[in-house]
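Hi,

Here is the structure I promised to send over. Have a look at it first, and then read on for what turned up when I went through it.

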Amino acid sequence: MELTAVFARIQTMVLSQEHAVVAVDQLAQVAQGLIPSAAGAGVSLIDAHGTGISTGATGPLVESADALQYELGQGPCLSAWATATHQRINDTTDDDRWPQWSRAAAGSGIRSMLSVPLVFQDRCLGTMKVYATVGDAFTDLEEQQLGLLAAVAATLLGAAQTAEAPQRLSVALQAGVKDRQVIDRATGMLMEQRATDPDDAHAVLLTASLTRGRPMVEVARQILQRHPDPGN
């Protein structure tokens with residue numbers, strides 16, 4: 001599914017607090033359509049305490065995997081929400097970051113997954129995730145595509161929650177996509193400068209944003225303009 005077609009589709013969704021369940025179910029379907037290697041997809045809206053307040057899933061495999069994270073208080077989606085960073089598991093049978101959840105997920109047939117945060121105006125609303133029944137199912141390109149979709153979805157959800165006028169939504173969506181692309185490019189530059197992985201590079205951006213009290217996209221733009229490394 002082409003990203004332009006995906007963006008056009010979700011722009012037609014009318015979202016509100018009372019229709020959040022319908023909205024996240026629709027977005028989960030869009031996510032699975034975007035990532036062909038996914039056996040299932042889901043979207044979770046999470047409150048400030050880390051509790052899922054609305055979840056959408058394409059099937060029982062995703063529903064059970066997501067529910068288990070909230071029961072255990074650990075898992076890639078909760079980490080993606082808490083840190084506002086992408087989380088990828090290439091093989092649940094040898095990933096030890098969330099041992100209880102990974103063992104249970106592997107036992108249910110999940111071998112790999114990818115979870116990205118839904119960030120709106122420096123506030124993480126929740127996560128979007130895809131699951132697969134084979135190892136190493138998701139590539140860097142698919143991670144980037146899911147991240148772009150999540151950026152648009154977060155803008156859509158955030159705008160609806162704050163009652164923004166519908167005529168302003170298209171502009172906000174475009175800005176959200178551009179901001180996500182700036183952050184991704186800056187993350188790549190930090191990875192090259194520091195010889196590190198995407199998670200560590202993104203953490204540098206997040207820490208600099210919190211320390212300076214400035215939006216992450218502004219910090220990212222500084223890096224792209226060849227300003228000093230924000231971690232120094």
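What is the order of the strands in the open sheet? Going across, the five strands run β2-β1-β5-β4-β3, and the pairing is antiparallel. Before you get too attached to any detail, please keep in mind that this is a predicted model.

**The overall layout**

The protein chain has nine helices and five strands. If you walk along the sequence, you meet them in the pattern α-α-β-β-α-α-β-α-β-β-α-α-α-α. There are 232 residues in the protein chain, and 49% of them count as buried. Among the contacts with a separation of 6 or more, 59% are between residues 24 or more positions apart. The exposed surface of the protein chain comes to about 10900 Å², with carbon and sulfur atoms supplying 51% of it.

**Back to the sheet**

The edges are taken by β2 (52-57) and β3 (87-89). Each of these two has a single partner strand, so one of its sides has no neighbour in the sheet. On average, neighbouring strands are turned by 15° against each other, ignoring direction. Helix α3, residues 60-72, packs on the sheet and touches β1, β2 and β5. The direction of α3 makes about 35° with that of β1.

As for the individual pairings, β1 and β5 run antiparallel and are joined by six bridges. β4 and β5 are also antiparallel, with nine bridges between them, while β3 and β4 pair in the antiparallel sense over three. In that last pairing, Q87 sits opposite S115 of β4.

Y131 in β5 is a good residue to click on. It is the bridge partner of G40, and it is the bridge partner of M113 as well.

How much of β4 is buried? Eight of its nine residues are, so the rest of the structure largely encloses this strand.

**The aromatic pair**

Y131 comes up again here. The structure holds one aromatic pair, and it is made by W101 and Y131. The two rings are 6.4 Å apart centre to centre, with 40° between the planes, which makes the pair tilted. W101 belongs to helix α5 (residues 99-107) and Y131 to strand β5, so the pair ties together parts that are 30 residues apart in sequence. Both W101 and Y131 are buried.

**The nonpolar cores**

In soluble globular proteins, nonpolar side chains tend to be buried together. Here the largest nonpolar core has 27 residues, and L118, M128, V130, F138 and L146 have the most contacts inside it. At least two residues of this core come from each of α2 (20-34), β1 (40-46), β4 (112-120), β5 (123-132) and α6 (140-161). Another core lies apart from it, with 13 residues, including I183, L205, A208 and A220.

If you want one residue to start from in the largest core, try F138. Leaving aside residues up to four places away in sequence, F138 touches I35, S37, A38, R88, S112, M113, L114, V130, Y131 and A132. So the tour comes back to Y131 once more, as one of the residues that F138 touches.

**Two positive phi values**

Which way does phi go at Q121, positive or negative? It is positive, near 50°, and Q121 is not a glycine. You will find Q121 in the loop between β4 and β5, and the hairpin of these strands has two residues between them. Q121 is exposed, at 63% relative accessible area.

A195 is the other one to look at, with a positive phi near 55°, again in a residue other than glycine. A195 is in the loop between α7 (166-194) and α8 (198-212). With 73% relative accessibility, A195 counts as exposed too.

**One more stop in α8**

V204 is in helix α8. Is V204 buried or exposed? At 13% relative accessibility, V204 counts as buried. V204 and T187 are 17 residues apart along the chain, and their C-alpha atoms are separated by 8.7 Å.

That's the tour. Shout if anything looks odd on your screen.

Cheers

Technical notes: Residues numbered from 1 in each chain as written. Predicted model: local features only at pLDDT ≥ 70, side-chain atom pairs only at ≥ 80, totals over all residues. Heavy atoms only, no water. Core = buried A, V, L, I, M, F, W, Y, C linked by side-chain atoms within 4.5 Å. Buried < 20%, exposed > 50% of the residue type's maximum accessible area, 1.4 Å probe, protein only. Helix = DSSP H or I, 4+ residues; strand = E, 2+ residues; numbered from the N terminus. Contact = heavy atoms within 4.5 Å. Pairing = 2+ DSSP bridges. Axes fitted to C-alpha atoms, helices over the stretch in contact; angles between N-to-C directions. Phe/Tyr/Trp six-rings, centres within 6.5 Å; stacked < 30°, edge-to-face > 60°. Areas by Shrake-Rupley, 256 points an atom, 1.4 Å probe, with all protein chains shown as cover.
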